[in-house]
Amino acid sequence: MKIHFHGAAGMVTGSCYRVECGNTQFLVDCGMFQGNKSLKQLNYGEFSFIPKKIDFVLVTHAHIDHTGLLPKLVKKGFSGKIYASRPTADLLTFMLPDSARIQETEVEQKNRRGERKGQPALEPIYTSEDAEKTLSLIQGIDQNENIELNDSVQVKFRNAGHVLGSSFLEVVLTEGGATKRIIFSGDLGSKDHPILKDPDLPGETDVLLVESTYGDRVRPEEKKEDRLQRLAAVIRESKKRGGNLIIPAFAVERTQDIMHDIMIVMDRKLIPETQVVVDSPLAINATKVFAKYPDLYDEDATGLMKNKGSIFDHPNFKFTITAAESMALNDKRGIIIMSASGMCDAGRIKHHLKHNLWRRDSTILFVGYQAEGTLGRLLLDGEKIVRIQGQEIRVEARIEEMMGYSGHADQNGLMEWVGSLKDVHDKVFVVHGEEDSRNALAKLIKERKNFSVQIPAMGETYDLLQIVTRESPVPAIAVSRDSFNLYADLSIKLAEFMRREKDEEKRRTFLERILKSV
Ligand SMILES: [Zn+2]
Ligand SMILES: [Zn+2]
């Protein structure tokens, strides 16, 4: 009975754990690595297990960093069932094909550039066809039911309050005479999140895997009312400045959360009449799934439903589907544009940032986690010049951030959730966090709960019946700024230097010195 850590160990993305129990082998999540190029590169490598030998996959929630490599798994020979909650299954029907399209387009662009340099052509990680095949293997199941997957594995999906349908998993493993309970937290949401019910609390377990995205951060407590007032203030201020308000938002959950809150502040006349454009075909599909599961809404959203008939329909809301409609937004002023991806590293948001970052009257509002190495993190960190699609863009727009929409529990929320466990008999594994976050949360769990805590590294395996570390070293990956980030910095600085330094002699001496050192 073993657990292997194939991702989200030392970083937030690429969630993938493999469990061996008797003759069964299964995965919990099969996520894509996101962030800098070194991390993304991991998506192209071979799996460090044999996909054909995996019997089934349990999926905690629909986010791509938990599901994005499922089509690769299928491409490489996996043909078992993929179990997910019903809303998760619905969300994946368009999220995985979308992810495939992104892979195909990215590789196409790379190959076009590579061809000119005489580099060999790359193959996409997976294609739309692989994604379609994957969808046929997904089986939606109900939360809160004990499901017997086979003689040795039983699972219960419970509400994790992170995105629609998100679950933490209570798994019971039986091998020979031994039984172990293991809980996979997936991603945990915070209380008072818009639309979603608060996360359920776990009981007791032998082994716990807990996420730690915000393991070292306590967010200032933002009550629902404060959140609404602050959103209204940002919208009013942006309207006064005259430019657009650009909100990079994950298509699933965050976009619907913001729509839900804008609906409330509009209704209360806290903001002037403003057009709100949701420029993300994915978000439109996700909104339909949200509309399908009103029984999962919290009290506020249920109340809003009763008053308005829907929480997403308003005459000022506009959804744009085609690229032409999206392009037409370039000339608009004074509107709100919500677009994905939430971390600004892909999708239509890049194009909106290119058209708005350099304008003094624009406002960019961040409402979600920005991983190290992403464009979103650079902007939040105050970079003055960024590169988008090969072009340098000067950042003149106002940058705002609201933490109240975070889909992740902060340190207090995580501790409250872990604290609700009566006991963890064997081991807590702290995963899904950058180094500082994992260390901080691990320390707190040890101090306050006296549980035995382990910080697993990528590629490690633990025997669940003995919990003895067995290293299988994989090279360490620069999770923050990798050489590609530094290369981008250098090229920006060089261009700046060429603009600033007018003396030809000085320019030549300086550049010759650099060239010599390369
Ligand atoms: Zn997530
Ligand atoms: Zn995650």
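**Isoleucine 385, helix α6 and strand β12 in a predicted model**

In this predicted model, isoleucine 385 touches Glu392, Ile393, Arg394, Val395 and Ile492, leaving aside residues up to four places away in sequence.

Trainee: In which strand is the place of isoleucine 385?

Mentor: Isoleucine 385 has contacts that include Ile393 and Val395. Its place is in a strand that covers residues 385-388, namely β17.

Trainee: Does isoleucine 385 count as buried, partly exposed or exposed?

Mentor: A buried residue needs 20 or more other C-beta atoms within 10 Å, and an exposed one has 12 or fewer. Isoleucine 385 has 16 such neighbours inside 10 Å, so it counts as partly exposed.

Trainee: What distance separates the C-alpha atoms of isoleucine 385 and glutamate 496?

Mentor: These two residues are 111 residues apart along the chain. In space, their C-alpha atoms are separated by 9.6 Å.

Trainee: What span should helix α6 have at 1.5 Å a residue?

Mentor: Helix α6 covers residues 224-241, which makes 18 residues. Its end C-alpha atoms are 26 Å apart, and this agrees with the expected span of 26 Å.

Trainee: Over what arc around the axis do the buried residues of α6 lie?

Mentor: The buried residues in α6 are Leu231, Val234, Ile235 and Ser238. An α-helix has 3.6 residues a turn, so residues three or four places apart point the same way. The buried residues are therefore on the same side of α6, covering an arc of only 95°.

Trainee: Which residues are exposed on the other side of α6?

Mentor: The buried side of α6 is covered by elements including β12 (245-248), α7 (254-267) and β15 (336-339). On the other side, the exposed residues are Glu225, Asp226 and Lys240.

Trainee: Which residue in β15 is the bridge partner of isoleucine 247?

Mentor: Strand β12 has both faces covered, with Leu245 and Ile247 buried on one side and Ile246 and Pro248 buried on the other. Four bridges join β12 to β15, and the two strands run parallel. Contacts of isoleucine 247 include Ile258, Ile336 and Leu365. Its bridge partner in β15 is methionine 338.

Trainee: Which residue in β16 stands opposite leucine 245?

Mentor: Strand β12 is also joined to β16, by two bridges, and these strands run parallel. Opposite leucine 245 in β16 stands threonine 363.

Trainee: Which helix gives the most to the largest nonpolar core?

Mentor: This core has 131 residues, and Ile247 is one of those that touch the most other members. With seven residues, the helix that gives the most is α4.

Technical notes
Residues are numbered from 1 along each chain as its sequence is written. Chains are lettered from A and ligands numbered from 1 in the order in which they are written. This is a predicted model: local features need pLDDT of at least 70, side-chain atom pairs count only at pLDDT 80 or more; totals for chains, interfaces and linings use all residues. A nonpolar core is a set of buried Ala, Val, Leu, Ile, Met, Phe, Trp, Tyr and Cys residues joined through C-beta atoms within 7 Å. Two residues are in contact if their C-beta atoms, placed from the backbone, lie within 7 Å. The expected span of a helix is 1.5 Å times one less than its number of residues. The arc is that of the directions from the helix axis to the C-beta atoms. Two strands pair if DSSP finds at least two bridges between them.
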